[in-house]
Amino acid sequence: SENSEGAGALSFDRSTFYFTRKSGVNNKDVAIYISKFFNNQWMQPLKINAKVNIDGYKSMHPALSRADDVFYFSSDRQGGKGGMVLRYCSIDDFGNLSEATNLSAVNTPVDEVTPFYNYFTKTMYFSSDAQGGIGGLDIYKSTFNEDEESWGSPKNIGKPFNSSKDDAYFVINQDQSEGFLSSDRGLCDCGDDYEGSNYCYKIYEFGQPEMLYTLS
């Protein structure tokens, strides 16, 4: 549209697309929208209701579980520990969202943004500017223990993924052999705002080197 769109998530069956849109005066309304694929075309996007979007607060960075039954996002709405926090909603068989729950095990008093859930390793990757990081936004991970039904303590995934600048939007493929992240490392000064400027973030690719073995 004439507004700014980005930070999207496509359902596994490719029938539903969630994305972030900035609108309103000075693009201050930051909310998550949904569009359905029907009759071989994408329908008019609709702003998700107050279970996700609340007037006067930002909601952004949608992410989905592989089974399309859990919806994750980041928001600065009330009820968190402070700043942007990660929340999630359950999705029923009809696509309806439950009330949002604070992902309290990983949230801190500062900002947590850009969630990505790896279904195969039960691991949540996200970015945070928590104290003790390498610099700016750092990528962290927390693994879900199904037996105890609890999230593990977040761990900074370290270098070379993280740098002295902002590092975010981490994604990795099914066998964990390659993935992507966004960073403003070594490019320009984007200031302290995690949203940065349009020209600052670049996409970086990472992968595992080929494993060579010698048998004797």
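**Strands, rings and a pocket in a predicted model**

Six of the eight residues of S2 are buried, so this strand is largely enclosed by the rest of the structure. The model is a predicted one, and S2 is a handy place to start reading it. On one side in sequence comes S1: S1 and S2 run antiparallel and are joined by five bridges. One of the residue pairs here is Gly 6 with Thr 20, the latter being the bridge partner in S2. The hairpin of these two strands has five residues between them, and Arg 14 takes a positive phi near 60° there.

S2 also pairs with S3. Eight bridges join S2 to S3, again in an antiparallel run. Thr 16 has Lys 36 as its bridge partner in S3. This hairpin, too, has five residues between its strands, and Gly 24 is the one with a positive phi, near 80°.

What about the rings in this part of the model? A search of the whole structure turns up 17 aromatic pairs. One of them is made by Phe 19 and Tyr 33: the ring centres are 5.9 Å apart and the planes meet at 20°, under the 30 degrees that counts as stacked, so this pair is stacked. Phe 19 belongs to strand S2 (residues 16-23) and Tyr 33 to strand S3 (residues 29-38), so the pair ties together parts that are 14 residues apart in sequence. Both Phe 19 and Tyr 33 are buried. The two rings also have company, as Phe 17, Phe 19, Tyr 33, Phe 37 and Trp 42 form one aromatic cluster. Tyr 33 has a charged neighbour as well: the charged end of Arg 21 sits over its ring, 4.8 Å from the centre. A similar arrangement turns up with Arg 185, whose charged end sits over the ring of Tyr 204 at 5.2 Å from the ring centre.

Further along the chain is strand S10 (residues 112-118). Six of its seven residues are buried, so S10 is largely enclosed by the rest of the structure. S10 pairs with strand S11 (residues 123-128) in the antiparallel sense, over five bridges. Within this pairing, Phe 116 has Tyr 125 as its bridge partner in S11. Four residues lie between the strands of this hairpin, where Lys 122 takes a positive phi near 55°.

S10 comes up again at the largest pocket, which holds about 800 Å³ of space. The lining of this pocket is made of 27 residues, and the ones nearest the centre are Leu 10, Leu 64, Phe 116, Tyr 117 and Val 171. Strand S1 (4-10), S6, S10 and S15 are the elements that give two or more residues to the lining. Which of the elements gives the most to the lining? That is S10, with five residues. By residue type, the lining divides into 16 nonpolar, eight polar and three charged residues.

A few spots in the backbone deserve a second look. Most residues other than glycine have a negative phi, and most peptide bonds are trans. Against that background, His 61 has a positive phi of about 60° although it is not a glycine. His 61 lies in strand S6 (residues 59-64). Is His 61 buried or exposed? Its relative accessibility is 6%, so it counts as buried, the cut-off being under 20%. Gln 176 likewise is not a glycine and has a positive phi of about 60°. Gln 176 is found in the loop between S15 and strand S16 (178-183), and it is partly exposed, with a relative accessible area of 31%.

The peptide bond from Lys 159 to Pro 160 is cis, with omega near 5°. Pro 160 is placed in the loop between strand S14 (155-156) and strand S15 (167-172). Phe 161 is in the loop between S14 and S15 too, and it is partly exposed at a relative accessible area of 24%. Measuring off from C-alpha to C-alpha, Phe 161 and Gly 186 are 14 Å apart in space, with 25 residues of separation in sequence.

Notes. Residues numbered from 1 in each chain as written. Predicted model: local features only at pLDDT ≥ 70, side-chain atom pairs only at ≥ 80, totals over all residues. Heavy atoms only, no water. Buried < 20%, exposed > 50% of the residue type's maximum accessible area, 1.4 Å probe, protein only. Pairing = 2+ DSSP bridges. 1 Å grid on protein atoms, 1.4 Å probe; cavity = no way out; pocket = protein on both sides within 12 Å on 5 of 7 lines; lining within 4 Å. Points joined across faces, edges and corners; volume = space filled by probe spheres on them. Nonpolar A, V, L, I, M, F, W, Y, C, P; charged D, E, K, R; others polar. Phe/Tyr/Trp six-rings, centres within 6.5 Å; stacked < 30°, edge-to-face > 60°. Lys NZ or Arg CZ within 6 Å of the ring centre and 35° of its normal.
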